[in-house]
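Morning, everyone. I have one model to go through today, and I will keep it short.

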Amino acid sequence: MDNFGLNTDFSNEDEKKQYYLRFIKQLSDWYSNGKTPELAIEDIRFSLELQKQKLQSLGLDMQLQIQKQEGKSNDSAPLSYADNVFVNSICAKNKRITTSIRNSQKELYSRTADCMMTVIMQNLKQGCVPTPDTAMCCPHCGAPSTLGRLESGCEFCNTKFLMDELYPRIMYFFINDLGDADFDQKKLKNHIVH
Ligand SMILES: [Zn+2]
């Protein structure tokens, strides 16, 4: 159903869910072992790197553990917006996120909160091929390039990409903190005891 390009998209829902979960795993990996999140566009990778460098300059390390929220339904259909070539989908799910910050000696901060984790995913519209001059950074070395050049081989690292390997891409993500999960658990425990 198209309504000014905006629609609730029930097609490829499982596939989007798989990519969403894969990105969450990649983001967790980034915070635990520094592995680059492959689905993320260069802008996200750059901002994660800047965050890491800033923390390192202060002698700090941050970890982010993203887990499923127990007992909550995680199903919601992605909302999508399409133009002539691309479909951008907004996928959001409830997650329990533990953020901890430590220096070389000890943990300085730790908080577990129930959050809404939202990811904007870009896919190709079915049957559409973007023009070869569409700007895109090389997913391997980060060099500014175009789709056409990446398909024939990045001029800097020589890696060749198939269109399937370049999409979907995670364009943006954000986390809304919905409250302190530990606090709720403590309240619940007290409630049971008394
Ligand atoms: Zn490259």
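I will start with the whole chain, then go to a helix, a hairpin and two single residues.

First, a caveat: this is a predicted model. The protein chain contains five helices and eight strands. In sequence order the pattern runs β-α-α-β-β-β-β-β-β-α-α-β-α. The chain has 194 residues, and buried residues account for 16% of them. On contacts, take the pairs that are at least 6 apart in sequence: 59% of those join residues at least 24 apart.

Now the helices. Helix α2 covers residues 42-57, which is 16 residues. From first C-alpha to last, α2 reaches 22 Å, close to the 22 Å expected at 1.5 Å a residue. Just after α2 comes Gly-59, with a positive phi of about 75°.

Helix α1 is residues 13-33, and Ser-28 is in it. Is Ser-28 buried or exposed? Neither: Ser-28 counts as partly exposed, because it has 18 C-beta neighbours inside 10 Å, and buried would take 20 or more. What does Ser-28 touch, leaving out residues up to four places away in sequence? The list is Leu-64, Gln-65 and Ile-66. For Gln-65, the separation along the chain is 37 residues, while the C-alpha atoms of Ser-28 and Gln-65 are 6.0 Å apart.

Next, the strands. Strand β3, residues 79-82, pairs with β4 in the antiparallel sense, over four bridges. The connection from β3 to β4 is a hairpin of three residues. To place one pair in that ladder, Ser-80 stands opposite Ser-89 in β4. As a general reminder, side chains in a regular strand alternate between the two faces of the sheet.

Strand β4 itself spans residues 86-102, and Phe-86 is found in it. Phe-86 has 19 other C-beta atoms within 10 Å, so it is partly exposed; the cut-off for buried is 20 or more. Which residues does Phe-86 touch, again not counting those up to four places away in sequence? They are Gln-122, Asn-123, Leu-124 and Lys-125. Taking Gln-122 from that list, Phe-86 and Gln-122 are 36 residues apart in sequence, and their C-alpha atoms are 6.6 Å apart in space.

To recap the two single residues: Ser-28 in α1 touches residues including Gln-65, and Phe-86 in β4 touches residues including Gln-122. That is what I had; questions are welcome.

Notes: Residues are numbered from 1 along each chain as its sequence is written. This is a predicted model: local features need pLDDT of at least 70, side-chain atom pairs count only at pLDDT 80 or more; totals for chains, interfaces and linings use all residues. A residue is buried if 20 or more other C-beta atoms lie within 10 Å of its own, exposed if 12 or fewer, and partly exposed in between; C-beta atoms are placed from the backbone. Two residues are in contact if their C-beta atoms, placed from the backbone, lie within 7 Å. The expected span of a helix is 1.5 Å times one less than its number of residues. Two strands pair if DSSP finds at least two bridges between them.
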